Amino acid sequence: MKFKIGTIVELSAAGRKRLHNPARVFTGFGIITDYRSNGAFPYKMMWYSKGWDPQDFSAKEYELKKVKAPKSKKNKNNS
């Protein structure tokens, strides 16, 4: 299990190439809610996208990647 429950994820490049993923998941993010090791799509998550209601979504591990926090912009003159 690569992602823990509660991890914030988005589609990886491989996930974007898959034609079976609905349009609403190409933007936004998901929060992992469950993991089933014996399932065809083991990661269950709640997916949030602008303009869409939150919905359940399932995916394989290679279709997902962790969302990286944006780097803070520090002003070098004020340090």
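**Exercise 1. Which order do the five strands of the open sheet have, and which strands stand at the edges?**

Solution. The sheet is open, its pairing is antiparallel, and its five strands follow the order E4-E3-E2-E1-E5. The model is a predicted one. Strand E4 (55–59) and strand E5 (64–66) stand at the edges; each has a single partner strand, so one side of each has no neighbour in the sheet. From one strand to the next, the twist averages 45°.

**Exercise 2. How many bridges join strand E3 to E4, and how many join strand E2 to E3?**

Solution. Step one: strand E3 covers residues 43–48, and five bridges join it to E4 in an antiparallel arrangement. Lys44 stands opposite Ser58 in E4, and Asp56 in E4 is the bridge partner of Met46.

Step two: strand E2, residues 29–35, runs antiparallel to E3 and is joined to it by six bridges. Here Ile31 stands opposite Met46.

Step three: E3 and E4 form a hairpin with six residues between them. In the turn, Gly51 has a positive phi of about 85°.

**Exercise 3. Which side chains of E3 are buried, and which are not?**

Solution. Begin with the general pattern: side chains in a regular strand alternate between the two faces of the sheet. In E3, Tyr43, Met45 and Trp47 point to one face and are buried. Lys44, Met46 and Tyr48 point to the other face and are not buried.

**Exercise 4. Which residues make up the largest nonpolar core, and which element gives the most to it?**

Solution. The core has eleven residues: Phe3, Val9, Leu11, Val25, Ile32, Tyr43, Met45, Trp47, Phe57, Ala59 and Leu64. Strand E1 (8–11), E3 and E4 are the elements that give two or more residues to this core. E3 gives the most, with three residues. As a general tendency in soluble globular proteins, nonpolar side chains are buried together.

**Exercise 5. What does Phe41 contact, leaving aside neighbours within four places in sequence?**

Solution. First place the residue: Phe41 is in the loop between E2 and E3. Its relative accessible area is 30%, so Phe41 is partly exposed. With its sequence neighbours left aside, Phe41 is in contact with His20, Ser58, Ala59, Lys60 and Glu63.

Take two of these partners in turn. Ala59 is 18 residues from Phe41 along the chain, and their C-alpha atoms are separated by 4.8 Å. Ala59 also touches Pro42, Tyr43, Met45 and Leu64. Lys60 lies over the face of the Phe41 ring, at 5.3 Å from the ring centre.

**Exercise 6. Is the aromatic pair of Phe29 and Tyr48 stacked or edge-to-face, and what is the pair of Tyr35 and Tyr43?**

Solution. The count of aromatic pairs comes to four. For Phe29 and Tyr48, the distance is 5.4 Å centre to centre and the angle between the planes is 25°. Planes under 30 degrees apart count as stacked, so this pair is stacked. Phe29 in strand E2 and Tyr48 in strand E3 are 19 residues apart, and the pair links distant parts of the chain. Phe29 is partly exposed at 32% relative accessible area, and Tyr48 is partly exposed at 31%.

For Tyr35 and Tyr43, the ring centres are 4.9 Å apart and the planes stand at 55°, so this pair is tilted. Tyr35 is partly exposed at 26% relative accessibility, whereas Tyr43 is buried at 0%. Phe3 joins Tyr35 and Tyr43 in one aromatic cluster.

Technical notes. Residues are numbered from 1 along each chain as its sequence is written. This is a predicted model: local features need pLDDT of at least 70, side-chain atom pairs count only at pLDDT 80 or more; totals for chains, interfaces and linings use all residues. Side-chain values use heavy atoms; hydrogens and water are left out. Two strands pair if DSSP finds at least two bridges between them. Helices (H or I, at least four residues) and strands (E, at least two) are DSSP runs, numbered from the N terminus. Axes are lines fitted to C-alpha atoms, for helices over the stretch in contact, and angles run from 0 to 180 degrees between N-to-C directions. Buried means under 20% relative accessible area, exposed over 50%, partly exposed in between (1.4 Å probe, protein chains only). A nonpolar core is a set of buried Ala, Val, Leu, Ile, Met, Phe, Trp, Tyr and Cys residues joined through side-chain atoms within 4.5 Å. Contact means heavy atoms within 4.5 Å. Rings of Phe, Tyr and Trp (its six-membered ring) pair if their centres lie within 6.5 Å; planes under 30 degrees apart count as stacked, over 60 as edge-to-face and the rest as tilted. A charge sits over a ring if NZ of Lys or CZ of Arg is within 6 Å of the ring centre and within 35 degrees of the ring normal.
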